[in-house]
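The following exercises concern the structure shown below. Each task is followed by a solution that proceeds step by step.

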Number of protein chains: 2
Amino acid sequence: MKPLTTTDRTRVKRQPDRSRDDRALAYEILDEGRVAHVGFAVDGSPFVIPMVYGRDDDRLLLHGAKASRLVRTTGAGIPVCVTVTLLDGLVLARSTFHHSMNYRSVVIMGEAHRVEDDDERGRCLDVLTDHILPGRSAEARGPNRVELRQTDVLVLPIEEASVKLRTGGPKDDPEDLDLPVWAGVVPLTVTAGTPIPDDGVDGLPLPAALT
Amino acid sequence: MKPLTTTDRTRVKRQPDRSRDDRALAYEILDEGRVAHVGFAVDGSPFVIPMVYGRDDDRLLLHGAKASRLVRTTGAGIPVCVTVTLLDGLVLARSTFHHSMNYRSVVIMGEAHRVEDDDERGRCLDVLTDHILPGRSAEARGPNRVELRQTDVLVLPIEEASVKLRTGGPKDDPEDLDLPVWAGVVPLTVTAGTPIPDDGVDGLPLPAALT
């Protein structure tokens, strides 16, 4: 597997012990996440927008309506930064100074480009749907021509990218270890609850990925 | 409660039915979230970085080491965009086109400024600690002078801001309602697991907020 490319923009400068340029780890994080935070600048103003995304091998896919600010802006070849973060735990140290979070994050930089071909865009939309729920594109009605034309898909190569993470317990100063303060980690996980059916689906089987 | 200020930058242009300028709702989302995605531009390159944050009434607090890129950059008065997103559910429609996510998000724009006064910065660090776990700043050892000087706190007014959210079930096209495809919502929640104690805390009481 080809390593990620580290540039001055993606090099982790603070706490480099928390950084990895491991592509497999980046894919694992991207495949587990559900929301990307997409950053771009318009006239010097930064914007950060939460978006649905998907991964097609070494390309990150985003999608938005044709008229959205992001699609209009990045269609012009403006650089974007896409960040996906998984929060794994609260790190409670004996000193407030060493409080932290356990997390895994991927930052990808580059220029996103529109997928112009209708068939290829349809395939990308399947990937995006399957990222919401694995296998879902084969269960639901696929996009028709009108829907395909109303949607833009943006592709960003997963190339200039970095992974940053923190794991494990608190790192207290030695002189604090005897303080009578509980310290440790509170693990956090995202949990799926009982599916809430829409009207009229009684008797239909749940999506395979939910059973 | 003073309404949020909507500007051309924060006005929600796509699906404005999903937008609110309700300050109380913005605070609710900010108080529930744990990670902010902070966007800023350096030499035209956008950066989006996950960060710990806190809320002190109508000010968003961020903190970072003095030498971090964010602190160096925004200390110079560069505009930032801070986004906090809560993912509430997967929306499974009968057509792939209407698949979506339920979420609540706040976008805040403006200029972040350093807190120069040591005492005020100490108070802000308590707010940041208590955002990780309520009441925690009163339990753990507070920052000493050296730690205070190693840390920067950035303050961003919660003023030019907007809330965007999606709730409820799928919005399928009428002609799709009879398709034999299950549709509905899969609720997602962040769940705290059993606390993992650090070495040497046996017999010490758990933080009040965890019991």
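Two strands pair if DSSP finds at least two bridges between them. Helices (H or I, at least four residues) and strands (E, at least two) are DSSP runs, numbered from the N terminus. This is a predicted model, in which local features need pLDDT of at least 70 and side-chain atom pairs count only at pLDDT 80 or more, while totals for chains, interfaces and linings use all residues. Residues are numbered from 1 along each chain as its sequence is written, and chains are lettered from A and ligands numbered from 1 in the order in which they are written.

**Exercise 1. Describe the pairing of β2(A), and state which residue stands opposite A:G39 in β5(A).**

Step 1. Strand β2 (residues 35-42) of chain A is joined to strand β3 (residues 45-56) of chain A by eight bridges, and the two run antiparallel. Within β3(A), A:V48 is the bridge partner of A:G39.

Step 2. β2(A) also pairs with strand β5 (residues 79-92) of chain A, in the antiparallel sense and over three bridges. Here A:G39 stands opposite A:C81.

Step 3. Two residues lie between the strands in the hairpin of β2(A) and β3(A), where A:D43 takes a positive phi near 50°.

Step 4. A residue is buried if 20 or more other C-beta atoms, placed from the backbone, lie within 10 Å of its own, exposed if 12 or fewer, and partly exposed in between. Six of the eight residues of β2(A) are buried, and the strand is mostly covered.

**Exercise 2. Summarise chain A: how many helices and strands are there?**

Step 1. Chain A has four helices and 11 strands.

Step 2. Of the 211 residues in chain A, 42% are buried.

Step 3. Two residues are in contact if their C-beta atoms, placed from the backbone, lie within 7 Å. Among the contacts in chain A with a separation of 6 or more, 72% are between residues 24 or more positions apart.

**Exercise 3. Determine which members of the largest nonpolar core touch the most other members.**

Step 1. A nonpolar core is a set of buried Ala, Val, Leu, Ile, Met, Phe, Trp, Tyr and Cys residues joined through C-beta atoms within 7 Å.

Step 2. The largest such core has 66 residues, and A:L62, A:I108 and B:I108 touch the most other members.

Step 3. Neighbours within four places in sequence aside, the contacts of A:I108 are A:L60, A:V82, A:L156, A:I158, A:E160 and A:A161.

**Exercise 4. Is B:D43 buried or exposed, and what of B:D57 and B:I29?**

Step 1. B:D43 is found in the loop between β2 and β3 of chain B. Because B:D43 has 5 C-beta neighbours inside 10 Å, this residue counts as exposed. Although B:D43 is not a glycine, its phi is positive, at about 50°.

Step 2. B:D57 lies in the loop between β3 and β4 (59-65) of chain B. With 7 other C-beta atoms within 10 Å, B:D57 is exposed. Its phi is also positive, near 55°, in a residue other than glycine.

Step 3. B:I29 belongs to helix α1 (residues 23-32) of chain B. B:I29 has 18 C-beta neighbours inside 10 Å and therefore counts as partly exposed. Not counting residues up to four places away in sequence, B:I29 touches B:V84, B:L86, B:R104, B:V106 and B:V163. B:I29 and B:L86 are 57 residues apart along the chain, yet their C-alpha atoms are separated by 7.3 Å.

**Exercise 5. Analyse the contact between the chains: how many residues does each chain contribute?**

Step 1. Chain A and chain B contribute 81 residues each. On the side of chain B that touches chain A, β10(B) gives the largest share, nine residues. By class, that side has 49 nonpolar, 20 polar and 12 charged residues; Ala, Val, Leu, Ile, Met, Phe, Trp, Tyr, Cys and Pro count as nonpolar, Asp, Glu, Lys and Arg as charged, and the others, Gly among them, as polar.

Step 2. Strand β10 (residues 184-192) of chain A pairs with β10(B) over five bridges in the antiparallel sense, and A:T191 stands opposite B:T189.

Step 3. Strand β11 (residues 196-197) of chain A is joined to β10(B) by two bridges and runs antiparallel to that strand. The bridge partner of A:I196 is B:V185, and A:P197 stands opposite B:G184.

Step 4. Within chain B, β5(B) and β10(B) pair antiparallel over four bridges, with B:V186 as the bridge partner of B:L90.

**Exercise 6. State what turn lays chain B on chain A.**

Step 1. Copies are superposed by least squares on the C-alpha atoms of residues with pLDDT of at least 70 in both.

Step 2. A turn of 180° and a shift of 0.0 Å along the axis lay chain B on chain A with an RMSD of 0.0 Å. That is the relation of a two-fold axis.

Step 3. The same surface serves both copies, as 100% of the contact residues of chain B recur in chain A. B:V190 comes closest to the rotation axis of the residues of chain B, at 2.2 Å (C-alpha).
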